[in-house]
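Reader: I have some questions about the terms used for this model. Please set each value against its rule.

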Amino acid sequence: METDPRIAALKAKNLRQVRPTDEPPQGATRPDAKPVISFSQKRKGKPPAHLADLSLADRKNVLKEAGFPAFRADQISRHYFGAKLADPEEMTDLPAGMRDFVASELCPSLITSVAELKADGGSTIKQVWELFDEVRVESVLMGYPGRTTLCVSSQAGCGMACPFCATGQMGLTRNLSTAEIIEQVRHAMILSESGALSTGPARLSNVVFMGMGEPLVNYPAVVQSLKRLTDPAPEGFGMSARGITVSTVGLVPVIYKLADLGIPVTLAVSLHAPDDELRDELIPVNSRWKVGELLDAAYHYYSVTGRRVSIEYALIKDMNDHTWRAQLLADELNRRGKGWAHVNPIPLNPTPGSIWTASTKQQQDAFVRQLRENGITTTIRDTRGSDIDGACGQLATEVNNQKSAARRAKITNV
Ligand code: SAH
């Protein structure tokens, strides 16, 4: 890469490279401590089983084994995925004698709202959920003209330890179950259809796995949740796979598995640097799977699914925002093919205590221009909800509880 004359010329103009160290993680015993990558959860307790964890066939089996007719599974599933009901008392065509069983075995309450915070003139709502074991996760609902998007959490905390991401500083508490993910979506559907967003009542059209957690570490539950999202009622919600995005730091072997799944969701790759030297620092798991392998896997995903891959790139001042890096990124993408990837730069949302800042507008523009001049489709991603810690990379409920509580007084409570 050093020998490419275009990159060498750009580099000569733009040499500044700041590599600050971030604050140590909460609870660190040494000031130079860094979060470490972790694929395994500390807690072992499992959330209660729920119908959204199961395929329709398995829901039928549960009922049959309990001595109820299997056709009731269709009925209950239509109430849940169609009417978004989870209280058997509201499922009026269910015999009274089944309702207790359904309440405890198929529809236990899994997530309880602890707070709803509005931002961006009411077009963004962050929801804070408490799970059965008092662990908290967040989801963010965003209304736009013509589409409504929910950003869901797939894990409580995250074990990927990316130093610029608030969730990455928390470490991994545990994987969410399929139903804990699906419940975030069901509640958001109700909220969105009720007209809670200032953009007006709307059907939820998009779900992005960009909340807390690394979805590909929790692959089995995430795959099941993709099935529940896309399968038509009574199996699931019947959403279009085109409206769903799974975002990953780059677990290469799992990207290959996802490509073979047959549910053509959009893959987003959190790249943030086109060179291993810098990406090793920004995304610790890059020590395991390198930029080249990751982009090969992303290209494979595009070839198999026909879905254009999103390349996520948080622009961090004097860290990764050099125009020579934009050129290197364009070269790496173009080397593999034309038009298969779309770059989404996003200004960094600085996390509390971080000494990193977002790139200047001028540098952001230069970065985008460099990509576009090389034929790469590039769209700046908006930063919704930053004043309620609801923006990309800011979700860290357990760490920020107290601060959020103090802020709640100032921010409109829904
Ligand atoms: N673990 C997954 C999904 C969760 S993060 C992943 O990394 O892709 C969703 C997106 O927010 C990722 O692209 C992530 O890199 C980005 N992000 C994290 N911290 C950020 C921050 N402080 N500012 C801007 N984007 C950030």
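Reader: How many nonpolar, polar and charged residues does the lining of the largest cavity have?

Author: The lining has 17 nonpolar, 10 polar and 2 charged residues. Ala, Val, Leu, Ile, Met, Phe, Trp, Tyr, Cys and Pro count as nonpolar, Asp, Glu, Lys and Arg as charged, and the others, Gly among them, as polar. This is a predicted model, where local features need pLDDT of at least 70, side-chain atom pairs count only at pLDDT 80 or more, and totals for chains, interfaces and linings use all residues. Residues are numbered from 1 along each chain as its sequence is written, and side-chain values use heavy atoms, with hydrogens and water left out.

Reader: What makes a space a cavity and not a pocket?

Author: On a 1 Å grid over the protein atoms alone, a cavity is a set of points where a 1.4 Å probe fits but cannot get out. A pocket is an open set with protein on both sides within 12 Å along at least five of seven lines. Lining residues have an atom within 4 Å of a point. By this rule there are 3 cavities of 30 Å³ or more. The largest cavity holds about 510 Å³ of space. A volume is the space filled by probe spheres set on the points, which are joined across faces, edges and corners.

Reader: Which residues lie nearest the centre of the largest cavity?

Author: Phe-164, Cys-165, Ser-270, His-272 and Gly-393, out of 29 lining residues.

Reader: How do you know where the ligand sits?

Author: A molecule sits in a cavity if more than half of its atoms lie within 2 Å of its grid points. The ligand meets that rule for the largest cavity.

Reader: Which residues come nearest to the ligand?

Author: Phe-164, Ser-247, Ser-270, His-272 and Asn-349, from 19 residues around the ligand. A residue counts as near if one of its heavy atoms lies within 4 Å. The shell divides into 9 nonpolar, 8 polar and 2 charged residues. β8 (244-248) and β10 (309-315) each supply at least two of them. Strands are DSSP runs (E, at least two residues), and helices are runs of H or I, at least four residues, numbered from the N terminus.

Reader: Why is the pair between His-272 and the ligand called a polar contact?

Author: A polar contact is a pair of N or O atoms within 3.5 Å. A polar side-chain atom of His-272 lies 2.5 Å from an oxygen atom of the ligand, so the pair qualifies. A polar backbone atom of Phe-164 is 3.0 Å from a ligand nitrogen atom. For a backbone N or O atom of Thr-248, the distance to a ligand oxygen atom is 3.3 Å. Both values also fall within the cut-off. Taken alone the ligand exposes 530 Å², and the protein buries 95% of that. The areas come from the Shrake-Rupley method with a 1.4 Å probe.

Reader: What is the volume of the largest pocket?

Author: About 720 Å³. Of its 30 lining residues, Arg-147, Val-208, Met-210, Asn-344 and Arg-381 are closest to its centre.

How values were computed: A polar contact is a pair of N or O atoms within 3.5 Å; within protein, one must be able to donate a hydrogen and the other to accept it, and residues adjacent in sequence count only if both atoms are side-chain atoms.
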